[in-house]
Amino acid sequence: MVKTAIHEHAKINRTLLTDALSIFGKTLTHRIETRTVDAFGVITGISTSDTSFSGDLQFGLSLDQKFISSGIVEVGDGVLYLHPESLTTLPVPQDQIIDGSNIWEIVSKIEAPELGGDVTFYTFRCKRRINSGDS
């Protein structure tokens, strides 16, 4: 298999994102749940697959206000910033992001800007699960 070269500008942006995540990011966990159902549609089992990665999950006062003012996210939502090579499988709606004792559910992908046809980073809208980190 031949690996295609990444556009030079995209490579620079990815390097800058890697540097920023090494300073501001932290280790998070991407959890994928797979549910099995019987012939009647009753859930008979749930299996999970966890993968650790480095990313940045912003919420509360840390949240970029442009997302709220434009209506992309609501107050209380979180925004996950992800390097394109952090995970082999990108999060999809209903996947979970675990940050300490808090569990966030992926709602949607917000953006994936490209330079020269290569994605520089991903952002996802997340909602915190109720009681996930409450004591």
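Visitor: What is the mean pLDDT of the chain?

Guide: pLDDT is the predictor's confidence in each residue, from 0 to 100. The model is predicted, and 79% of the residues in the chain reach a pLDDT of 70 or more. The mean pLDDT of the chain is 82.

Visitor: In which element of the chain is confidence lowest?

Guide: At the upper end stands strand β4 (residues 96-99), where confidence is highest, at 94. Where pLDDT is low, the predicted coordinates should not be read in detail. Confidence is lowest, at a mean of 62, in helix α1 (residues 8-24).

Visitor: In what order do the elements of the chain run from the N terminus on?

Guide: The chain has two helices and eight strands. From the N terminus on, the order is α-β-β-α-β-β-β-β-β-β.

Visitor: What share of the residues of the chain count as buried?

Guide: The accessible surface of the chain comes to about 8400 Å², with 54% of that belonging to carbon and sulfur atoms. The chain has 135 residues. The share that counts as buried is 32%.

Visitor: How many salt bridges does the structure hold?

Guide: Side chains of opposite charge can pair when their charged atoms come close. One of the salt bridges joins D50 and R31, the closest N and O atoms being 2.8 Å apart. In total the structure holds eight.

Visitor: How many residues apart in sequence are the parts that D99 and K26 tie together?

Guide: The side chains of D99 and K26 meet in a salt bridge of 3.0 Å, N to O. D99 lies in strand β4 and K26 in strand β1, so the pair ties together parts of the chain that are 73 residues apart.

Visitor: Are D99 and K26 buried or partly exposed?

Guide: A residue counts as buried under 20% relative accessible area. D99 has 10%, so D99 is buried. K26 has a relative accessible area of 42%, which makes K26 partly exposed.

Visitor: Which strands hold D50 and R31?

Guide: D50 forms a salt bridge with R31. D50 is partly exposed because its relative accessibility is 43%, and R31 is partly exposed with a relative accessible area of 21%. The salt bridge of D50 and R31, with its closest N and O atoms 2.8 Å apart, ties together parts that are 19 residues apart in sequence, D50 being in strand β2 and R31 in strand β1.

Visitor: Where in the chain do K127 and D77 lie?

Guide: A salt bridge of 2.7 Å, N to O, forms between the side chains of K127 and D77. The pair links distant parts of the chain, 50 residues apart: K127 is in strand β8, and D77 is in the loop between α2 and β3 (78-82).

Visitor: Is D77 buried or exposed?

Guide: D77 belongs to a network of salt bridges that links E74, D77, R125 and K127. In that network, K127 counts as partly exposed at 32% relative accessibility. D77 has 2% relative accessibility, so D77 counts as buried.

Visitor: Which side chain makes a polar contact of 2.9 Å with that of H30?

Guide: H30 is in strand β1 (residues 26-37) and counts as buried, at 2% relative accessibility. Leaving aside neighbours within four places in sequence, H30 is in contact with residues including S49, D50, F53, L87 and D95. The polar contact of 2.9 Å is with the side chain of D95.

Visitor: Which residues does T123 touch, not counting residues up to four places away in sequence?

Guide: T123 lies in strand β8 (residues 122-128). Its relative accessibility is 0%, so T123 counts as buried. On the same count, T123 touches V79, L80, Y81, K109, I110 and E111.

Visitor: How far apart in space are L63 and L80, C-alpha to C-alpha?

Guide: L63 is found in the loop between β2 (43-59) and α2 (65-69) and counts as buried at 4% relative accessibility. Not counting residues up to four places away in sequence, L63 touches Q58, I68, V73, D77 and V79. L63 and L80 are 17 residues apart in sequence, and their C-alpha distance is 10.0 Å.

Visitor: Which residues make the nonpolar surface patch of about 270 Å²?

Guide: I43, in strand β2, is partly exposed, with a relative accessible area of 45%. The patch is made by I43 together with I46 and V37.

Terms used: Residues numbered from 1 in each chain as written. Predicted model: local features only at pLDDT ≥ 70, side-chain atom pairs only at ≥ 80, totals over all residues. Heavy atoms only, no water. Helix = DSSP H or I, 4+ residues; strand = E, 2+ residues; numbered from the N terminus. Buried < 20%, exposed > 50% of the residue type's maximum accessible area, 1.4 Å probe, protein only. Contact = heavy atoms within 4.5 Å. Polar contact = N/O pair within 3.5 Å; in protein donor to acceptor, adjacent residues only side chain to side chain. Patch = residues over 30% accessible without salt bridge, like charges linked within 9 Å, V, L, I, M, F, W, Y side chains within 5 Å. Areas by Shrake-Rupley, 256 points an atom, 1.4 Å probe, with all protein chains shown as cover. Salt bridge = Lys/Arg side-chain N within 4 Å of Asp/Glu carboxyl O.
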